[in-house]
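Here are a few short exercises to work through with the model open beside you. Try each task before you read its solution.

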Amino acid sequence: MAKKLIIANWKMNPESVKEADALYVNSVKIASMFPGVSVVVAPPLVFMRGLAKGPDNFSLAGQDAFWAGIGSYTGEVSATMLASVGAKYVILGHSERRALGESDEAIAQKLLFSLKAGLIPILCVGEKVRDAEGAYLKELGQQLATSLAKVPKKIAGKVVVAYEPVWAIGKNATRAAEPHDVLEMSIYIRRILMNLVGAEAAKAITLVYGGSVDAKNAEGFLSTGGVAGLLVGRDSLNQKSFEKIVAAAAH
Ligand code: PGA
């Protein structure tokens, strides 16, 4: 059985390199305690270099990457650069980036380039709100279809898809999703993926859930949510909670 995948999205935290180093040391320690779980840490880029060492089940992720390798793109960082400082994964299409104006088309370009650069993209998708008519299902289908449009079927299985309903993310979350919500959506997403990339690649794609994951609810998502991992924001900065989340994935 493949290892469960626990991704720590530090977002724009912590404030100093000293704090980042301490957080990193703890995250590596947690990964060493649970070798049966894949632990991925996505720090702010300025802290990434120098963090690349850890046990085999520990890796680094970028929180975004541009769609070209080098060039005149002030402020951007490419997937090739991330790979060269030791990142294995890259988060793409996070709702906080979409809120800043990122489109599905841009995400599609970034995703293809990241795969070519040898990174594993963690594609975030999720509806803003749940409506009774089911428009949210269409929204999700559209995000997947456009973001994966350029990916050849033979490499599509490498992608990780993170279901992250926007209403369940961050401090303003209305509530955490329930495992049964996540199970329903993982079945739906898997079906859409089959239509988009074929049965074989769709089966190979790892599905994870993100949005208000904490020490208490982690186990439920993993046991009954139909997902093979979790994307953790706030509680990845709290080492006690993060250790419990990784421990839940080890069970
Ligand atoms: P949260 O963030 O765990 O703080 O809700 C999750 C995410 O944005 O990936």
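A polar contact here is a pair of N or O atoms within 3.5 Å. Keep in mind that this is a predicted model.

**Exercise 1.** Find which polar atoms of Lys11, Glu164 and Gly170 meet oxygen atoms of the ligand.

*Solution.* Start with Lys11: one of its polar side-chain atoms sits 2.7 Å from a ligand oxygen. Go on to Glu164, where a polar side-chain atom is also 2.7 Å from an oxygen of the ligand. At Gly170, a polar backbone atom does the job, 2.8 Å from a ligand oxygen. Now for cover: on its own the ligand exposes 280 Å², and the protein buries 99% of that.

**Exercise 2.** Sort the shell around the ligand into nonpolar, polar and charged residues.

*Solution.* List the neighbours, which include Asn9, His94, Ile169, Ser212, Leu231 and Arg234. Then tally the shell: three nonpolar, six polar and three charged.

**Exercise 3.** Trace the barrel and work out how its strands pair.

*Solution.* Follow the eight strands in the order β1-β2-β3-β4-β5-β6-β7-β8; they close into a barrel with parallel pairing. Neighbouring strands of this sheet are turned by 25° against each other on average, ignoring direction. Zoom in on β7 (residues 206–210) and β8 (residues 229–232), a parallel pair with two bridges. Across this pair, Tyr209 faces Leu230 in β8.

**Exercise 4.** Is Lys116 buried or exposed?

*Solution.* Locate Lys116 in helix α4, residues 104–116. The cut-off for exposed is over 50% relative accessible area. Lys116 has 65% relative accessibility, so Lys116 counts as exposed.

How values were computed:
Residues are numbered from 1 along each chain as its sequence is written. This is a predicted model: local features need pLDDT of at least 70, side-chain atom pairs count only at pLDDT 80 or more; totals for chains, interfaces and linings use all residues. Side-chain values use heavy atoms; hydrogens and water are left out. A residue is near a molecule or strand if one of its heavy atoms lies within 4 Å of it. A polar contact is a pair of N or O atoms within 3.5 Å; within protein, one must be able to donate a hydrogen and the other to accept it, and residues adjacent in sequence count only if both atoms are side-chain atoms. Accessible areas come from the Shrake-Rupley method with a 1.4 Å probe; for residues, only the protein chains shown count as cover. Ala, Val, Leu, Ile, Met, Phe, Trp, Tyr, Cys and Pro count as nonpolar, Asp, Glu, Lys and Arg as charged, and the others, Gly among them, as polar. Helices (H or I, at least four residues) and strands (E, at least two) are DSSP runs, numbered from the N terminus. Buried means under 20% relative accessible area, exposed over 50%, partly exposed in between (1.4 Å probe, protein chains only). Two strands pair if DSSP finds at least two bridges between them. Axes are lines fitted to C-alpha atoms, for helices over the stretch in contact, and angles run from 0 to 180 degrees between N-to-C directions.
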